[in-house]
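Biologist: I'd like to learn how to read a protein model. Could you walk me through one, feature by feature?

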Amino acid sequence: MRAMQPESVDTLTPRREPFSAASAHIRADFFTVFVADQVYGISVADAPTIFSLGEVTPVPSVRGGFIGLTNLRGRIVVTVNLREWLGLQPKAGRTEKYAIALDVRNECIALLVDKIGDVLTLPEMGRAEVPPHFKSRKIHFAREMYFAEIGLIPILDKTLLFNQLMAQVSEPRQAI
């Protein structure tokens, strides 16, 4: 009886980086943005451009935070004031106008926020889905949130936000 020889395997096993507890739990990098007293996270991958908002051309008969159109490197972009969309009071005093360009479904939205914060790398173990009983308008455009040193950070889901904005625009206006 002949002994069975193992077949040689010619496939290469990819090299992996050394395992470390720190690298095993990294989720992603997020910009922090502030609107009133609330902090939000936006994925760095979802926000390719952060810019100082210049002139905005108003569009009549729009509501719900839509403040008009702006030019971003030759592209006409719909501008949404997140503070107004959330139903918050306008910011008093000097206001810096920072916007984040979000590309969604071949459209670009400039999302106006009060302040741009730091980039955070958040651990996976700090992530949680937004509980269904959280009905606050402040986070209804987030599917997940992180628990971090600075508090609870809802992570903006750009597609969910876009869908809600478009649904609001298409709603018929009620007579006053």
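## Reading the model, piece by piece

Modeller: Let's start with one residue: E55 sits in the loop between β3 and β4. Keep in mind that this is a predicted model.

Biologist: Is E55 buried or exposed?

Modeller: The idea is to look at relative accessible area, where over 50% counts as exposed and under 20% as buried. E55 comes out at 70%, so it is exposed.

Biologist: Which residues is E55 in contact with, leaving aside its neighbours within four places in sequence?

Modeller: For that we look for heavy atoms within 4.5 Å. E55 is in contact with L69 and T70. Take L69: it is 14 residues from E55 in sequence, and the two C-alpha atoms are 8.6 Å apart in space.

Biologist: And T70, where is that?

Modeller: T70 is in strand β4. With a relative accessible area of 4%, T70 is buried. The backbone oxygen of E55 lies 3.1 Å from a polar atom of T70's side chain.

Biologist: What else does T70 touch, not counting residues up to four places away in sequence?

Modeller: Besides E55, T70 touches L53, V56, R75, I76, V77, T79 and A110.

Biologist: Let's zoom out. How many helices and strands does the protein chain have?

Modeller: The chain has three helices and eleven strands. Reading from the N terminus, the order is α-β-β-β-β-β-α-β-β-β-β-β-β-α.

Biologist: What share of the residues counts as buried?

Modeller: Here we use the under 20% cut-off again. Of the 176 residues in the chain, 34% count as buried. As for the outside, the chain exposes about 11,900 Å², and carbon and sulfur atoms supply 54% of that.

Biologist: How do I read contacts for the chain as a whole?

Modeller: You ask how far apart in sequence the touching residues are. Take the contacts between residues at least 6 apart in sequence: 56% of them join residues at least 24 apart.

Biologist: I keep hearing about surface patches. Which residues make a nonpolar one here?

Modeller: V59, V62, L69 and I76 make a nonpolar surface patch of about 300 Å². You've met L69 already, as a contact of E55, and I76 as a residue that T70 touches. V62 lies in the loop between β3 (49-52) and β4 (66-72). V62 is at 35% relative accessibility, so it counts as partly exposed.

Biologist: What about strands that pair up? In which sense do β10 and β11 pair?

Modeller: Strand β10 (residues 142-148) and strand β11 (residues 151-156) pair in the antiparallel sense, over six bridges. A hairpin of two residues joins β10 to β11. To follow one of the bridges, start at E144: its partner in β11 is I155.

Biologist: Now the charged residues. What's the general idea?

Modeller: Side chains of opposite charge can pair when their charged atoms come close. In this model the count comes to six salt bridges.

Biologist: Can you show me one?

Modeller: D103 and R75 form one through their side chains, at 3.1 Å from N to O. D103 lies in strand β6 (residues 98-104) and R75 in strand β5 (residues 75-81), so the pair ties together parts that are 28 residues apart in sequence. D103 is partly exposed at 32%, and R75 is partly exposed at 34%.

Biologist: Which residue forms a salt bridge with R83?

Modeller: That's D114, with the closest N and O atoms 2.5 Å apart. This pair links distant parts of the chain: D114 is in the loop between β7 (107-113) and β8 (115-123), while R83 is in helix α2 (residues 82-85), 31 residues apart. D114 counts as buried at 12% relative accessibility, and R83 also has 12% and counts as buried.

Biologist: And which residue does R143 pair with?

Modeller: R143 forms a salt bridge with D157, the closest N and O atoms being 2.7 Å apart. R143 lies in strand β10 and D157 in the loop between β11 and α3 (158-170), so the pair ties together parts 14 residues apart in sequence. D157 counts as buried, at 19% relative accessibility.

Biologist: Which residues are linked in a network of salt bridges?

Modeller: E124, R127 and E144 are linked that way. You know E144 already, as the bridge partner of I155.

Technical notes:
Residues are numbered from 1 along each chain as its sequence is written. This is a predicted model: local features need pLDDT of at least 70, side-chain atom pairs count only at pLDDT 80 or more; totals for chains, interfaces and linings use all residues. Side-chain values use heavy atoms; hydrogens and water are left out. Patches are made of residues with over 30% relative accessible area and no salt bridge: like charges are joined within 9 Å, nonpolar side chains (Val, Leu, Ile, Met, Phe, Trp, Tyr) within 5 Å. Accessible areas come from the Shrake-Rupley method with a 1.4 Å probe; for residues, only the protein chains shown count as cover. A salt bridge is a side-chain nitrogen of Lys or Arg within 4 Å of a carboxyl oxygen of Asp or Glu. Helices (H or I, at least four residues) and strands (E, at least two) are DSSP runs, numbered from the N terminus. Buried means under 20% relative accessible area, exposed over 50%, partly exposed in between (1.4 Å probe, protein chains only). A polar contact is a pair of N or O atoms within 3.5 Å; within protein, one must be able to donate a hydrogen and the other to accept it, and residues adjacent in sequence count only if both atoms are side-chain atoms. Two strands pair if DSSP finds at least two bridges between them.
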